[in-house]
Amino acid sequence: MKARAGEREVRVDPAATRRFRLTFATALRDYGIYFALAGLVAYFSIAVPQFRSADNGLLILLQVSVIGIISIGMTFTILTAGIDLSVGSLLAVAGMLSGIFAQREPTILNVGIALSLPIVVGIVGGALNGLVIAWAGVNPLIVTLGTLTAYRGFVVWYRVNPIYDLQPYYRVIGQGALVMAVAAGVVLNYTRFGRYVYVVGGNPEAARAAGISVPLMTFSVYVISGFCVGLAALIFTSRLMAAQAISGQGFELQAIAAAVVGGASLFGGRGRISNTIVGALIMGVLFNGLVMLNVPAPVQQMAIGVIIIAAVWLDGMLRQRR
């Protein structure tokens with residue numbers, strides 16, 4: 001292709017133009033969220049001076065730690081072209097059962113049960129999802145929508161009244177988000193299991209041809225999601241020093257938003273744990289800033305929906321350019 005610039009003839013290489021567009025699209029996909037996070041921090045720092053305080057920064061990190069851990073598990077399911085809508089309800093179940101033992105006398109048995117039970121409950125809940133999805137062949141959206149309702153109904157039926165009088169030791173439980181992020185990143189990037197997760201999500205037929213058990217891998221990622229929910233439930237309940245049947249409402253949307261904003265494709269096969277954590281930070285900063293601006297809670301929920309739609313739309317556009 002040729003074009004004229006004054007008296008000079010300029011050749012435009014279509015292939016080079018296409019390469020530039022692909023490079024720009026890749027850079028936008030991989031690094032755009034970092035600019036988005038910086039932009040949000042800059043905006044709220046100017047709009048609300050209190051946002052810049054160290055105490056508020058610590059508060060954001062504490063809030064993000066729970067959603068961040070849940071988002072890690074959500075990323076595993078999304079990488080296999082699945083989804084887990086039950087995470088918020090399962091967190092409520094795990095937190096409530098843990099809180100019941102955390103309010104009793106701090107014997108070795110009660111302490112051990114209080115700290116381990118939410119992990120066990122999370123794993124069992126995730127395994128139930130995985131069994132139905134992997135071997136019964138039911139769509140993950142339908143399965144986890146059903147368990148979202150079932151788990152929430154169970155915890156409300158079991159104990160609708162909150163538990164507040166938890167033992168002091170329960171408060172000192174660590175946050176764990178950074179450790180979880182590093183461990184998950186290592187698993188996905190440097191282990192055979194991680195490579196299989198990407199293959200199953202990106203091309204399940206190729207995975208079967210390579211001898212990979214797609215049902216087993218699918219089951220495994222929902223177990224991982226349940227484990228992450230159990231750990232998040234332990235941290236969330238210990239921070240509040242209370243167990244409530246309403247805990248975790250809306251956490252599934254925040255976790256999905258964190259993953260897709262971080263670049264995880266709902267079509268499967270693409271995503272990074274590090275980017276998911278940045279996505280969780282974006283959600284945390286956004287919520288914190290909106291609260292400081294006195295934006296009503298329903299509008300905050302609307303913002304999540306818009307962000308999810310925009311992220312999925314952008315993912316679709318980038319896939320077309322590949």
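**Cavity, pocket and a buried aspartate**

Trainee: Which element gives the most to the lining of the largest cavity?
Mentor: Elements are DSSP runs numbered from the N terminus, with helices as H or I of at least four residues and strands as E of at least two. A cavity is a set of points on a 1 Å grid over the protein atoms alone where a 1.4 Å probe fits but cannot get out, and lining residues have an atom within 4 Å of a point. With 4 residues, the top giver to the largest cavity is α3.

Trainee: Before we go on, what kind of model is this?
Mentor: Residues are numbered from 1 along each chain as its sequence is written, and side-chain values use heavy atoms, leaving out hydrogens and water. Local features need pLDDT of at least 70, side-chain atom pairs count only at pLDDT 80 or more, and totals for chains, interfaces and linings use all residues, since the model is predicted.

Trainee: And how many helices does the chain have?
Mentor: From the N terminus on, two β elements come before the run of α elements. The chain has 2 strands, and its helices number 12.

Trainee: What share of the residues is buried?
Mentor: Buried means under 20% relative accessible area, exposed means over 50%, and partly exposed is in between, using a 1.4 Å probe and protein chains only. Of the 322 residues in the chain, the buried share is 47%.

Trainee: What share of contacts with a separation of 6 or more joins residues 24 or more positions apart?
Mentor: A contact here is heavy atoms within 4.5 Å. For residues 24 or more positions apart, the share is 80%.

Trainee: Back to the cavity: what is its volume?
Mentor: The search of the whole structure turns up 1 cavity of 30 Å³ or more. The elements that give two or more residues to its lining are α3 and α9 (214-240). Grid points are joined across faces, edges and corners, and a volume is the space filled by probe spheres set on the points. By that count, the largest cavity comes to about 40 Å³.

Trainee: Met96 is in that lining, but how far is Leu234 from Met96 in space?
Mentor: Leu234 sits in helix α9 and is buried at 7% relative accessibility. The two residues are 138 apart in sequence, yet C-alpha to C-alpha they are 9.6 Å apart.

Trainee: Which element gives the most to the lining of the largest pocket?
Mentor: A pocket is an open set of points with protein on both sides within 12 Å along at least five of seven lines. This one is about 540 Å³, and among its 21 lining residues Gln63, Ile67, Phe251, Gln254 and Phe287 lie nearest its centre. Giving the most, with 7 residues, is α11.

Trainee: Asp84 caught my eye: which side chain of opposite charge is nearest?
Mentor: Asp84 is in the loop between α2 (54-79) and α3 (87-102). Lys and Arg count as positive and Asp and Glu as negative, with His and the chain ends not counted; a salt bridge needs a side-chain nitrogen of Lys or Arg within 4 Å of a carboxyl oxygen of Asp or Glu. Asp84 is buried with no salt bridge, and 11 Å away is the nearest opposite charge, Arg152.

Trainee: With which side chain does Asp84 make a polar contact of 3.0 Å?
Mentor: A polar contact is a pair of N or O atoms within 3.5 Å; within protein, one must be able to donate a hydrogen and the other to accept it, and residues adjacent in sequence count only if both atoms are side-chain atoms. Asp84 has one of 2.6 Å with the side chain of Ser86. The 3.0 Å partner is Ser225.

Trainee: Which residue meets Arg208 in a salt bridge?
Mentor: The count comes to 1 salt bridge, at 2.9 Å, N to O. The two residues are 3 apart in helix α8 (residues 204-209), so about one helical turn separates them. Arg208 is partly exposed at 45%, and its partner, exposed at 54%, is Glu205.

Trainee: Is Met241, with its positive phi, buried or exposed?
Mentor: Most residues other than glycine have a negative phi. Met241, in the loop between α9 and α10, has phi near 55°. At 9% relative accessibility, Met241 counts as buried.
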